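Okay, thanks everyone for coming. I'll keep this short, so have a look at the screen and stop me if something is unclear.

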Amino acid sequence: MRLTAHSAKDSTVLSQRTRYAIRALLHLGDRYGEGPVQLPEIAEAQNIPAKFLTVILSEMKRAGLVETLRGKEGGYWLARPPEEITYGEIVRLTRGSLALVPCAARLAYRPCENCVDEATCRLKAVMLSVRDETANILDRVSLSEKMAV
């Protein structure tokens with residue numbers, strides 16, 4: 001039996017939408033307290049298609065992370081200080097879960113397809129640990145923190 005490689009697109013844990021949301025919110029976080037930031041500025045600075053960014057920022061507004069003002073002097077800004085918005089919150093909003101497999105999700109749990117025995121599944125045990133460690137990091141790091149690259 002031969003395993004075939006999946007494309008990088010198939011194995012991406014964070015969707016492009018999630019990465020765009022994080023970048024847009026980081027941009028707003030860097031300008032927190034300076035007033036509204038116009039969409040074209042965010043789109044250009046973060047290399048995000050404007051139409052996609054509009055959708056993302058609308059979702060972030062509904063979730064209470066972003067406020068907006070229409071008009072010539074309008075734009076977007078964070079609804080809360082950047083130190084109160086974590087990467088974990090953004091990932092959960094855009095992805096639904098931090099888990100890599102559905103049976104390890106806390107809020108969006110569902111059994112994995114073709115699972116032999118969930119009660120004794122060693123993969124599930126590892127994925128629960130991965131999810132917990134991921135949550136510990138992402139829920140601790142806020143938009144205000146400058147991480148070393």
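So, reading along the sequence, the pattern you get is α-α-α-α-β-β-α-α. That's six helices and two strands. Before I go on, please bear in mind that this is a predicted model. The chain has 149 residues, and 32% of them count as buried. If you take the contacts between residues at least 6 apart in sequence, 59% of those join residues at least 24 apart. And the accessible surface is about 9900 Å², with 54% of that belonging to carbon and sulfur atoms.

Right, aromatics. How many aromatic pairs does the structure hold? Just one. The partners are Tyr 20 and Phe 52, and the geometry is edge-to-face, with 5.5 Å centre to centre and 80° between the planes. For the edge-to-face label you need planes over 60 degrees apart, so 80° qualifies. Now, where do the two rings sit? Tyr 20 is in helix H2, residues 16-30, while Phe 52 is in helix H4, residues 50-62, so the pair ties together parts that are 32 residues apart in sequence. As for burial, Tyr 20 is buried, at 11% relative accessible area. Phe 52 comes out at 29%, and that counts as partly exposed.

Staying around H4 for a second, have a look at the loop between helix H3, which is 39-46, and H4. That's where you find Asn 47. Its phi is near 55°, a positive value in a residue other than glycine. Most residues other than glycine have a negative phi, so that's why I'm pointing it out. Is Asn 47 buried or exposed? Exposed, with a relative accessible area of 62%.

There's another one like that further along. Asn 114, in the loop between H5 and H6, has a positive phi too, near 60°. Asn 114 is exposed as well, with a relative accessible area of 77%.

That brings me to H6, residues 122-138. With 17 residues at 1.5 Å each, the expected span is 24 Å, and the end C-alpha atoms are 24 Å apart, so the two agree. Which residues of H6 are buried? Lys 124, Met 127, Arg 131 and Ala 135. Looking down the axis, those buried residues fall within an arc of 75°, so they line one face of the helix. An α-helix has 3.6 residues a turn, so residues three or four places apart point the same way. What covers the buried residues of H6 includes helix H5, which is 87-95.

Let me zoom in on Lys 124, since a lysine on that list may catch your eye. Lys 124 has 17% relative accessibility, and the cut-off for buried is under 20%, so it counts as buried. Leaving out residues up to four places away in sequence, Lys 124 touches Cys 103, Tyr 109 and Glu 118.

Last one from this helix: Val 130 is also in H6, but at 31% relative accessibility it counts as partly exposed. Val 130 and Ala 99 are 31 residues apart in sequence, and in space they're 7.7 Å apart, C-alpha to C-alpha.

So, to wrap up, the places I'd look at again on screen are the Tyr 20 and Phe 52 pair, the positive phi at Asn 47 and at Asn 114, and the buried face of H6. That's me done, over to you.

Note on methods
Residues are numbered from 1 along each chain as its sequence is written. This is a predicted model: local features need pLDDT of at least 70, side-chain atom pairs count only at pLDDT 80 or more; totals for chains, interfaces and linings use all residues. Side-chain values use heavy atoms; hydrogens and water are left out. Rings of Phe, Tyr and Trp (its six-membered ring) pair if their centres lie within 6.5 Å; planes under 30 degrees apart count as stacked, over 60 as edge-to-face and the rest as tilted. Helices (H or I, at least four residues) and strands (E, at least two) are DSSP runs, numbered from the N terminus. Buried means under 20% relative accessible area, exposed over 50%, partly exposed in between (1.4 Å probe, protein chains only). The expected span of a helix is 1.5 Å times one less than its number of residues. The arc is that of the directions from the helix axis to the C-beta atoms. Contact means heavy atoms within 4.5 Å. Accessible areas come from the Shrake-Rupley method with a 1.4 Å probe; for residues, only the protein chains shown count as cover.
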